[in-house]
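Reader: Before I load this one up, could you talk me through the labels on it? I'd like to hear where each label comes from.

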Amino acid sequence: MVDVKKLYPARCSLHRDYEKVGDGVLWAMQHGACVKSYYTDADIAESARLQAETPLANGETVLIDDMLFTVRVLGDFSDAVIFDPT
């Protein structure tokens, strides 16, 4: 979850190679909203876990693959966050 300064924190996925393949830049993209006709126990458990977590905030330091990065929130759907090496 990332605090993207919208109405609520956004669920995001981590990706590598932002501008071109092989650049190594880590970034996150927001997940779009999805409505299902049936939610499994796993779906419900994941939602509860994510809601209990504190969302990442701009300027926060995080550990990814044993390296420290600073969160830079852009707030857009396709490029919500860039992780800058510290």
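Author: Here is a walk through the labels, one at a time. Keep in mind that this is a predicted model.

Reader: Start with the fold. What pattern does the protein follow along the sequence?

Author: Reading along the sequence you get β-β-α-β-β-β. That comes to one helix and five strands. The C-alpha atoms fill a box of roughly 40 × 25 × 25 Å along the principal axes.

Reader: Why is Ile-82 called buried?

Author: Buried means under 20% relative accessible area. Ile-82 has 4% relative accessibility, so it counts as buried. This residue lies in strand β5 (residues 81–85). Leaving aside neighbours within four places in sequence, Ile-82 is in contact with several residues, including Tyr-18, Val-25, Trp-27 and Leu-74.

Reader: How do you know which label Asp-43 gets, buried or exposed?

Author: Same test: the cut-off for buried is under 20%. Asp-43 comes out at 17% relative accessibility, and therefore it counts as buried. Asp-43 is found in helix α1 (residues 41–52).

Reader: What does the side chain of Asp-43 reach?

Author: The backbone nitrogen of Thr-40, at 3.0 Å. A polar contact needs a pair of N or O atoms within 3.5 Å, and 3.0 Å satisfies that distance limit. Not counting residues up to four places away in sequence, Asp-43 also touches Lys-36 and Tyr-38.

Reader: And what makes Val-35 exposed?

Author: Exposed means over 50%. The relative accessible area of Val-35 is 74%, so Val-35 is exposed. You'll find Val-35 in the loop between β2 (26–30) and α1. Together with Tyr-39 and Ile-44, Val-35 forms a nonpolar patch on the surface, with about 330 Å² of accessible area for the three together.

Reader: Now the inside. Which residues make up the largest nonpolar core?

Author: There are ten residues in all: Leu-26, Ala-28, Val-62, Ile-64, Phe-69, Val-71, Val-73, Ala-80, Val-81 and Phe-83. The elements that give two or more residues to this core are β2, β3 (61–64), β4 (67–73) and β5. β4 gives the most, with three residues.

Reader: Why would you look for a grouping like that in the first place?

Author: Because nonpolar side chains tend to be buried together in soluble globular proteins.

Reader: What does Phe-69 touch?

Author: Not counting residues up to four places away in sequence, Phe-69 touches Leu-26, Val-62, Ile-64 and Phe-83, among others. Its list also includes Glu-60, Asp-84 and Pro-85.

Reader: Let's go to the loop between β3 and β4. What stands out in the phi of Asp-65?

Author: Asp-65 has a positive phi of about 50 degrees although it is not a glycine. Asp-65 lies in the loop between β3 and β4, and so does Asp-66. Phi of Asp-66 is near 60 degrees, again a positive value in a residue other than glycine.

Reader: How do you know whether those two are buried or exposed?

Author: Take the cut-off of over 50% for exposed. Asp-65, at 57% relative accessibility, is over that limit and so counts as exposed. Asp-66, at 74%, therefore counts as exposed too.

Reader: Last one: how much of the whole protein counts as buried?

Author: Of its 86 residues, 24% count as buried. The accessible surface comes to about 6100 Å², and 55% of that belongs to carbon and sulfur atoms.

Key:
Residues are numbered from 1 along each chain as its sequence is written. This is a predicted model: local features need pLDDT of at least 70, side-chain atom pairs count only at pLDDT 80 or more; totals for chains, interfaces and linings use all residues. Side-chain values use heavy atoms; hydrogens and water are left out. Helices (H or I, at least four residues) and strands (E, at least two) are DSSP runs, numbered from the N terminus. Buried means under 20% relative accessible area, exposed over 50%, partly exposed in between (1.4 Å probe, protein chains only). A polar contact is a pair of N or O atoms within 3.5 Å; within protein, one must be able to donate a hydrogen and the other to accept it, and residues adjacent in sequence count only if both atoms are side-chain atoms. Contact means heavy atoms within 4.5 Å. Patches are made of residues with over 30% relative accessible area and no salt bridge: like charges are joined within 9 Å, nonpolar side chains (Val, Leu, Ile, Met, Phe, Trp, Tyr) within 5 Å. Accessible areas come from the Shrake-Rupley method with a 1.4 Å probe; for residues, only the protein chains shown count as cover. A salt bridge is a side-chain nitrogen of Lys or Arg within 4 Å of a carboxyl oxygen of Asp or Glu. A nonpolar core is a set of buried Ala, Val, Leu, Ile, Met, Phe, Trp, Tyr and Cys residues joined through side-chain atoms within 4.5 Å.
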